[in-house]
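Work through the exercises below with the coordinates loaded. Each task is followed by a solution in steps.

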Amino acid sequence: MQDLARTAAQNAQQAQEQARQFHAQVAASLSQQQEDRYNTNQQVSEQARQYRAEQAMRLSRQQQEAALQQKRFVLGPDQKCVSGVVITAHGSSYSQATDSDGQPIPCTGQTATEPLR
């Protein structure tokens, strides 16, 4: 009978030890998963930050290019829009600004309808 009790106590002790080991393994696994999730979130956050910075740079470049393009349509200080055509003054003489085909460049106000430069 004492052998049975001793065996039962040993079995209970082994079961408790196995339960402790299992609990430790589960805790370690959960801790590793949390660390992995944290690292993944950090990587995603950094990638998102880099993407936003690149997008901002692209947008800035596009805006600069658009502004530069727009400047090409603005009449210069020696040009005027007369009767809807760009006129360029050369001292006391005047001439129509023409496109690559030799046609007069139309305008409205201080803006030509095609690039001047």
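**Exercise 1. Overall dimensions**

What radius of gyration does the protein have, and what would a compact globule of 117 residues have?

Solution. The coordinates are a predicted model. Step one is the reference value: a compact globule of 117 residues would come out near 13 Å. Step two is the value for the protein, which is 40 Å. Step three is the extent of the C-alpha trace, about 130 × 20 × 20 Å along the principal axes.

**Exercise 2. Elements and their order**

State how many helices and strands the protein has, and give their order.

Solution. Assignment yields 1 helix and 5 strands. Read from the N terminus, the order is α-β-β-β-β-β. The helix, H1, covers residues 2-71. Among the strands are S1 at 79-82 and S2 at 85-90, as well as S3 at 93-96 and S4 at 107-108.

**Exercise 3. Burial, surface and contacts**

Determine what share of the residues is buried, then describe the surface and the contacts.

Solution. A residue counts as buried when its relative accessible area is under 20%. Of the 117 residues, 10% meet this condition. The exposed area of the protein is about 9600 Å², and 52% of that area comes from carbon and sulfur atoms. For contacts, take the pairs with a separation of 6 or more: 39% of them join residues 24 or more positions apart.

**Exercise 4. Charges and salt bridges**

How many salt bridges does a search of the whole structure find? List the partners, with distances and exposure.

Solution. Begin with the charges: there are 11 positive and 11 negative ones, and their mean positions lie 6 Å apart. The search returns 3 salt bridges; here a side-chain nitrogen of Lys or Arg must lie within 4 Å of a carboxyl oxygen of Asp or Glu.

- Asp-3 pairs with Arg-6 at 3.0 Å, N to O. Both residues belong to helix H1, 3 residues apart, about one turn of the helix. Asp-3 is exposed at 53% relative accessibility, while Arg-6 is partly exposed at 47%.
- Glu-17 pairs with Arg-20 at 3.3 Å, N to O. These two also lie in helix H1, with a spacing of 3 residues, about one turn. Glu-17 is partly exposed, with a relative accessible area of 36%.
- Glu-46 pairs with Arg-49, the closest N and O atoms being 2.7 Å apart. Both lie in helix H1, 3 residues apart, about one turn of the helix. Arg-49 is partly exposed at 43%, and Glu-46 is partly exposed at 33%.

**Exercise 5. A backbone angle**

Which sign does the phi of Ser-83 have? Locate the residue and state its exposure.

Solution. The phi of Ser-83 is positive, about 55 degrees, although the residue is not a glycine. Most residues other than glycine have a negative phi. Ser-83 sits in the loop between strand S1 and strand S2. Its relative accessible area is 75%, so Ser-83 counts as exposed.

**Exercise 6. The surroundings of Thr-98**

Which residues does Thr-98 touch, not counting residues up to four places away in sequence? Add a distance to Gln-21.

Solution. First, place the residue: Thr-98 lies in the loop between strand S3 and strand S4. Next, its contacts beyond four places in sequence are Gln-103, Pro-104 and Ile-105. Thr-98 is partly exposed, with a relative accessible area of 42%. Finally, Thr-98 and Gln-21 are 77 residues apart in sequence, and their C-alpha atoms are 88 Å apart in space.

Note on methods. Residues are numbered from 1 along each chain as its sequence is written. This is a predicted model: local features need pLDDT of at least 70, side-chain atom pairs count only at pLDDT 80 or more; totals for chains, interfaces and linings use all residues. Side-chain values use heavy atoms; hydrogens and water are left out. Helices (H or I, at least four residues) and strands (E, at least two) are DSSP runs, numbered from the N terminus. The radius of gyration is taken over C-alpha atoms; the globule rule is 2.2 Å times the number of residues to the power 0.38. Buried means under 20% relative accessible area, exposed over 50%, partly exposed in between (1.4 Å probe, protein chains only). Contact means heavy atoms within 4.5 Å. Accessible areas come from the Shrake-Rupley method with a 1.4 Å probe; for residues, only the protein chains shown count as cover. Lys and Arg count as positive and Asp and Glu as negative; His and the chain ends are not counted. The place of a charge is taken as NZ of Lys, CZ of Arg, CG of Asp or CD of Glu.
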